[in-house]
Amino acid sequence: MSDSTALRVADLPQNAPTAFEIIPDKADLAALAAELRVNTLRKLRFTGEIKALGKRDWQLTGSLGATVVQDCVVTLEPVTTRIEETVRLTYLSRMEIPDEDEAEMPEDDSTEPLGSHIDPGAVMAEALALHIPVYPRKDGAELGEAVYTKPGTAPMRDEDARPFAGLGALRGLLKDED
């Protein structure tokens, strides 16, 4: 997305919410689809508002709607997914950011450190990326069992790899000996 969606925090009114609506054009949709590695993005829209929380913090609340077309992981046929999500981020002016190489991730992922700008376009792109199906599957498409072996050797199937699969056969052999 372009920088035109970024709003300078110093210019936001403290006493009234600032509304936004982002509907990317075809070129932006194509660029975002390529970045997210999906076939097509259609009907992408992000609307909401940014409002002050106290004297220094801000909150962005928005509704994300998008139609995404991806390849089915089983059949490679196009799969269309409709995404409807509510997005809520709180920007904190005094947020502690760990400076260690390794740090534990906070449980609350809805807070961000406040910078000089709040960018609803960047928030839209991130929220969309987080809600796109990782393994899209066409209705009714099932992954069959793949069986590989050397010629003349009995193939090992998924059922054979189960830890207790052979116990039933052993029990039967033990009963026969009694």
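**Group meeting: helix α2, the core and the salt bridges**

Let me start at the N-terminal end of α2, where Asp119 acts as the cap, with one of its side-chain oxygens placed 2.9 Å from the backbone nitrogen of Gly121. Please keep in mind throughout that what we have here is a predicted model.

The helix that Asp119 caps covers residues 120-131, which makes twelve residues, and from its first C-alpha to its last it reaches 16 Å, close to the 16 Å expected at 1.5 Å a residue. Which residues of α2 are buried? They are Pro120, Gly121, Val123, Met124, Ala125, Ala127 and Leu128. As background to that list, an α-helix has 3.6 residues a turn, so residues three or four places apart point the same way.

Leu128 takes us from the helix into the largest nonpolar core, which has 29 residues, and in which Leu128 is listed with Leu41, Leu44, Phe46 and Leu60 as touching the most other members. At least two residues of this core come from each of β2, α1 (26-36), β3, β4 (57-71), β5 (78-92) and α2. In general terms, nonpolar side chains tend to be buried together in soluble globular proteins.

Leu60 deserves a moment of its own, and if we leave aside its neighbours within four places in sequence, its contacts include Phe20, Phe46, Ile50, Val87, Leu89, Tyr91 and Ile118, together with Pro120 and Val123. Those contacts also take in Glu49 and Arg88.

Two of the residues that Leu60 touches, Phe20 and Phe46, bring me to the aromatic side chains, where the count comes to one aromatic pair. Phe20 and Phe46 form that pair in a tilted arrangement, with 5.2 Å from centre to centre and 50° between the planes. Because Phe20 lies in strand β2 (residues 18-22) and Phe46 in strand β3 (residues 40-53), the pair ties together parts that are 26 residues apart in sequence. Both partners are buried, Phe20 with a relative accessible area of 10% and Phe46 with a relative accessible area of 0%.

Let me turn to the charged side chains. How many salt bridges does the structure hold? It holds four, and I will go through some of them. In one, the side chains of Arg45 and Glu21 meet at 2.5 Å, N to O. Since Arg45 lies in strand β3 and Glu21 in strand β2, this pair ties together parts that are 24 residues apart in sequence. Arg45 counts as partly exposed at 43% relative accessibility, and Glu21 is likewise partly exposed, with a relative accessible area of 46%.

Another salt bridge joins Lys138 to Glu77, with the closest N and O atoms 3.8 Å apart. Here Lys138 sits in the loop between α2 and α3 (167-177) and Glu77 in the loop between β4 and β5, so the parts tied together are 61 residues apart in sequence. Lys138 is partly exposed at 33% relative accessibility, as is Glu77 at 37%.

The last one I want to show is between Glu84 and Arg82, whose side chains meet at 2.7 Å, N to O. Glu84 counts as exposed at 53% relative accessibility, whereas Arg82 counts as partly exposed at 44%.

Arg82 has a further partner, because its side chain also makes a polar contact, at 2.8 Å, with the side chain of Thr67. Thr67 has its place in strand β4 and is buried, with a relative accessible area of 10%. Neighbours within four places aside, Thr67 is in contact with Thr40, Leu41, Arg42 and Lys43, and also with Thr80, Thr81 and Arg82.

Key:
Residues numbered from 1 in each chain as written. Predicted model: local features only at pLDDT ≥ 70, side-chain atom pairs only at ≥ 80, totals over all residues. Heavy atoms only, no water. Phe/Tyr/Trp six-rings, centres within 6.5 Å; stacked < 30°, edge-to-face > 60°. Helix = DSSP H or I, 4+ residues; strand = E, 2+ residues; numbered from the N terminus. Buried < 20%, exposed > 50% of the residue type's maximum accessible area, 1.4 Å probe, protein only. Expected span 1.5 Å × (residues − 1). Polar contact = N/O pair within 3.5 Å; in protein donor to acceptor, adjacent residues only side chain to side chain. Core = buried A, V, L, I, M, F, W, Y, C linked by side-chain atoms within 4.5 Å. Contact = heavy atoms within 4.5 Å.
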